[in-house]
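Trainee: I would like a close look at a single part of this model, taken slowly and as one connected account. Please begin with whatever term the description depends on, and then work outward from there.

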Amino acid sequence: MSETTPLTAASAPAGVAAESAISRGRRARIALRGLQVLLALFYAIPSALPKLIAHPSAAESFEKLGWGSAGMYTIGALELAGAVALLIPVLQSVAAMALSALMVGAFVVQVAVFDGQYAATPLILIVPLALIAWARRGHNADLMRLLRRRA
């Protein structure tokens with residue numbers, strides 16, 4: 001092979017191609033884990049925390065909805081639980097699906113009550129959550145085995 005010929009999967013020895021695939025897979029897992037950590041931080045700190053400490057901006061929004069402090073604390077607790085569950089391997093896929101459902105509700109509320117001012121935010125968040133739910137779907141079988149064992 002000359003120095004000007006690029007090394008492709010077809011021209012590379014089998015070990016090099018396999019090594020490259022393993023490396024890509026490892027990078028993808030690391031990137032996905034990083035995305036999960038970023039989303040967990042987002043849901044825990046700027047999203048759940050203001051609700052759980054009854055920050056005036058969160059309290060105003062929930063009063064406008066007519067849900068009051070009970071609704072605010074409930075949504076905050078669900079977001080915090082989802083953030084923590086995104087970091088627990090056996091719960092990752094389920095957490096991503098649950099947070100996606102919460103984001104569908106947030107989208108509906110944004111459009112119906114707040115004139116769609118921030119309606120794009122929940123829709124944007126659904127995309128990485130759906131990716132996590134799909135990529136970590138293998139953990140759902142592990143979760144079902146754990147639940148059946150406990151029952």
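Mentor: A helix here is a DSSP run of H or I that covers at least four residues, and the helices are numbered from the N terminus. The model is a predicted one, and in it the protein has six helices and zero strands, so that the pattern read along the sequence, with helices defined as above, is α-α-α-α-α-α. Of the 151 residues in the protein, buried residues make up 28%.

The part I would choose is the end of helix 1, together with the surface and the pocket that it helps to form. Helix 1 runs over residues 14-52, and Leu52 is found in it. A nonpolar patch on the surface includes Val37, Leu38, Leu41, Ile45, Leu49 and Leu52, along with Ile53, Tyr73, Leu80, Val84, Leu87 and Ile88, and these residues together have about 1000 Å² of accessible area. Helix 1 and helix 3 each supply at least two residues of this patch, and helix 1 gives the most to it, with six residues.

Two neighbours in that list deserve a separate word. Leu52 counts as partly exposed because its relative accessibility is 32%, a value that lies between the limits of 20% for buried and 50% for exposed. Ile53 is found in the loop between helix 1 and helix 2, and it counts as exposed because its relative accessibility is 55%. Leu52 also takes part in a contact across the chain, since its C-alpha atom and that of Gly76 are separated by 5.6 Å although the two residues are 24 residues apart along the chain. After Ile53 comes Ala54, in the same loop between helix 1 and helix 2, and Ala54 has a positive phi of about 55° although it is not a glycine. Most residues other than glycine have a negative phi. With a relative accessible area of 29%, Ala54 is partly exposed.

From the surface we can turn to the pocket. The largest pocket holds about 730 Å³ of space, and of the 25 residues that line it, the closest to its centre are Ser47, Lys51, Glu79, Ala106 and Gln110. The lining draws at least two residues from each of helix 1, helix 2 (56-65), helix 3 (68-85), helix 4 (92-112) and helix 5 (120-135). By residue type, the lining of this pocket divides into 17 nonpolar, six polar and two charged residues.

Lys51 and Glu79, both named among the residues closest to the pocket centre, also form a salt bridge with each other, in which the closest N and O atoms are 3.1 Å apart. The pair links distant parts of the chain, with Lys51 in helix 1 and Glu79 in helix 3, 28 residues apart. Side chains of opposite charge can pair when their charged atoms come close. Lys51 counts as buried because its relative accessibility is 13%, and Glu79 is buried as well, with a relative accessible area of 4%, since both values fall under the limit of 20%.

For context, a search of the whole structure finds two salt bridges, and one of them joins Asp142 to Arg145, with the closest N and O atoms 2.3 Å apart. Because Asp142 and Arg145 are three residues apart in helix 6 (residues 139-150), they are separated by about one helical turn. Asp142 counts as partly exposed at 29% relative accessibility, and Arg145 counts as partly exposed at 46%.

The loop at Ala54 also has a point of comparison elsewhere in the chain, namely Asp115, which is found in the loop between helix 4 and helix 5 and which likewise has a positive phi of about 55° without being a glycine. Asp115 is exposed, with a relative accessible area of 71%. In helix 4 itself lies Val104, which counts as partly exposed at 46% relative accessibility, and Val104 and Pro122 are 6.9 Å apart in space, C-alpha to C-alpha, while 18 residues apart in sequence.

To return to the chosen part, helix 1 supplies six residues to the nonpolar patch, and through Lys51 it is linked to Glu79 in helix 3.

Key: Residues numbered from 1 in each chain as written. Predicted model: local features only at pLDDT ≥ 70, side-chain atom pairs only at ≥ 80, totals over all residues. Heavy atoms only, no water. 1 Å grid on protein atoms, 1.4 Å probe; cavity = no way out; pocket = protein on both sides within 12 Å on 5 of 7 lines; lining within 4 Å. Points joined across faces, edges and corners; volume = space filled by probe spheres on them. Nonpolar A, V, L, I, M, F, W, Y, C, P; charged D, E, K, R; others polar. Patch = residues over 30% accessible without salt bridge, like charges linked within 9 Å, V, L, I, M, F, W, Y side chains within 5 Å. Areas by Shrake-Rupley, 256 points an atom, 1.4 Å probe, with all protein chains shown as cover. Salt bridge = Lys/Arg side-chain N within 4 Å of Asp/Glu carboxyl O. Buried < 20%, exposed > 50% of the residue type's maximum accessible area, 1.4 Å probe, protein only.
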